[in-house]
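Q: Please take a close look at one part of this structure. I am new to it, so build the picture step by step.

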Amino acid sequence: MKYMILTYASQQDYDAMAGRPSGDTAWSPQDFAAMGAFMEAFNRELNESGELVETRALAPPVHTRRLQTRAGAPVVTDGPFAETTEVLAGYWIVECESFDRATAIAVRLSACPGPSEVVARAFADVRPIIESRDDLEP
Amino acid sequence: MPETEIEGLLRRLAPQALGAVVRRYGHFDTAEDATQEALLAAATRWPEDGIPANPRAWLITVASRRLTDLLRSEQARQRRENAVVQRMLPEEWLAPAADRATADSDDTLILLCMCCHPSLSAASQIALTLRAVGGLTTAEVARAFLVPEATMTRRITRAKQAIKASGIPFRMPSAPEWTERLAAVLHVLYLIFNEGYASTSGPELHRAELATEAIRLARMLHGFLPDDAEVAGLLALMLLTDARRAARTGPDGDLVPMAEQDRRLWNADQVAEGVALITEALPRGPTGPYQLQAAIAAVHDEAPNADATDWPQIVALFELLMGMSDNPVVALNHAVAVAMAQGPERGLELLGGLQADERIAQDHRLHGVRAHLLEMAGDREGARASYLEAARGAVNPARRRYLHSRAARLG
């Protein structure tokens, strides 16, 4: 069974991570390096256990294009989020034996190092992936 | 397909469907309710509409949808009450996964281990196992245990809450835990069997169904773990004991002691299956208490008549069993076997030693055995007094009638 682990951040979080103070503690280069090392090890372990399908991080929210239909015509909005709105920042797709196992994998992300205010606010979601249309049919 | 066949199919599929739903979505407690509702829907619709092409998938789909509905209303209620549930995940979640890869058939094993979780009382383990793994409804479990349905509902609900609170993940126990958890599962199945077989009260019919259900579950477990000698031993013990069921009660429902049973009434197929199982399991080892008890039952079942019983062999098996656990009931049975092999005086000597064990000194079974041995030794007056003493302490009405009739015969 496949599950998606999702993590979130706001534009402000992205800015702080890039070392630009913006209402929050800025990350030091050491903080950033520690997080990078943690994520590399985390991904390597998942790869070795054969449970990782793929993982990606997303560019800052400011680079988002939102597409909608207005009066039958496609309309695009650039950077539609407020500075403090938390949006998808990265994801992992894992294939493992159970929801509980996927949750146990996501729990390990709680050990990711970072400035304490950021760690206190951080969260992740785990969601089962729909494998086929049958799963959705009423 | 007749309805009894549909029921059999549903009972087999029940733990598989529940396992699949919990594996995918978690929420053991709510998923268990959802699966019961799916089973109920199937029991109503399949006899009319026919059995779907893939009945297991049908149950999983219906149970998953029902789970979604139940979770939504539960979460909406919690939001209304501003009481979003948060739980701390215990250390267990940070531990690596079990080193044993899980197969689909393991779902039932995982469920059995969850239902027999050490945080639950034996009564709760039994009730939850019968419902979640056995696929019985709460009403059926309540009837089997002669308690009101509302009581059983509360017992099962509390048990599920305890499992939820324990935060145990849905997976095979890790290797160091496994031995202990399997022992708990075997003990629960053994208790279910005994509840049915050695019923302490109530109408015979429902109790016999419990013994049959225990055999079904033990047979299923043996199918998953064919190389485990104690699992085979437990199944053999149940079969060899249950084989005597028809001979065990007389026409009036009175108990008939083994020595006086009509052995033609014993179920020869069950005896043969039990003997084959234990014969194969014993040399494989390691030898455990269920195998020894099965071996004792096999010695009894293989004797063409009571006088031909190989008592020295039974004495030896009981001595092995006593070496494994300090159980006064085993010691009591050992004393009986010694009396049969070496004469009542030797047995009575051993009873004298047991008299000092306060766990059994007041037990009616001790007095019952003493009465038999005194009768064998020719002490009619002493035997009569002991039979009456035993009858005063016995709970089972059939057993009391039996003890009184023995006393009256000596009067």
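A: What follows starts with one helix and then widens to the core and the two chains.

The model is predicted: local features need pLDDT of at least 70, side-chain atom pairs count only at pLDDT 80 or more, and totals for chains, interfaces and linings use all residues. Residues are numbered from 1 along each chain as its sequence is written, while chains are lettered from A and ligands numbered from 1 in the order in which they are written.

Start with helix H18 of chain B, residues 380-393. Helices (H or I, at least four residues) and strands (E, at least two) are DSSP runs, numbered from the N terminus. H18(B) has 14 residues, so at 1.5 Å a residue it should span 20 Å. The expected span is 1.5 Å times one less than the number of residues. The end C-alpha atoms of H18(B) are 20 Å apart, which agrees.

Which residues of H18(B) are buried? They are Ala383(B), Ser386(B), Tyr387(B), Ala390(B) and Ala391(B). They cover an arc of only 140 degrees around the axis, so they lie on the same side of H18(B). That arc is taken from the directions from the helix axis to the C-beta atoms. A residue is buried if 20 or more other C-beta atoms lie within 10 Å of its own, exposed if 12 or fewer, and partly exposed in between; C-beta atoms are placed from the backbone. The face of H18(B) turned away from the buried side carries the exposed Glu381(B) and Arg392(B). Helix H17 (364-376) and helix H19 (397-410) of chain B are among what covers the buried residues. Contact here means C-beta atoms, placed from the backbone, within 7 Å.

Next, the domains. Chain B is divided into domain 1 (1-86) and domain 2 (323-411). These bounds come from an automatic or database domain assignment. The centres of the two domains, taken over C-alpha atoms, are 51 Å apart.

Now the core. A nonpolar core is a set of buried Ala, Val, Leu, Ile, Met, Phe, Trp, Tyr and Cys residues joined through C-beta atoms within 7 Å. The largest one has 120 residues. Those with the most contacts inside it are Ala17(B), Val21(B), Leu189(B), Ala214(B) and Ala236(B). Helix H10 (residues 229-242) of chain B gives the largest share, 10 residues. Domain 1 and domain 2 of chain B each supply at least three residues to this core. Leaving out residues up to four places away in sequence, Ala17(B) touches Thr35(B), Ala38(B), Arg56(B), Leu59(B), Ile60(B) and Ala63(B).

Gly233(B) sits in helix H10 of chain B. Gly233(B) is buried, because 27 other C-beta atoms lie within 10 Å. Beyond its neighbours within four places in sequence, its contacts are Ile278(B), Ala281(B), Gly288(B), Tyr290(B), Gln291(B) and Ala294(B). The C-alpha atoms of Gly233(B) and Ala295(B) are 8.3 Å apart, though the two are 62 residues apart along the chain.

Finally, chain A. Chain A has four helices and six strands. Of its 138 residues, 18% count as buried. Pro29(A) is in helix H2 (residues 29-48) of chain A. Pro29(A) is exposed, because 8 other C-beta atoms lie within 10 Å.

Where the chains meet, 12 residues of chain B are in contact with 11 residues of chain A.

How values were computed:
Contact = placed C-beta atoms within 7 Å.
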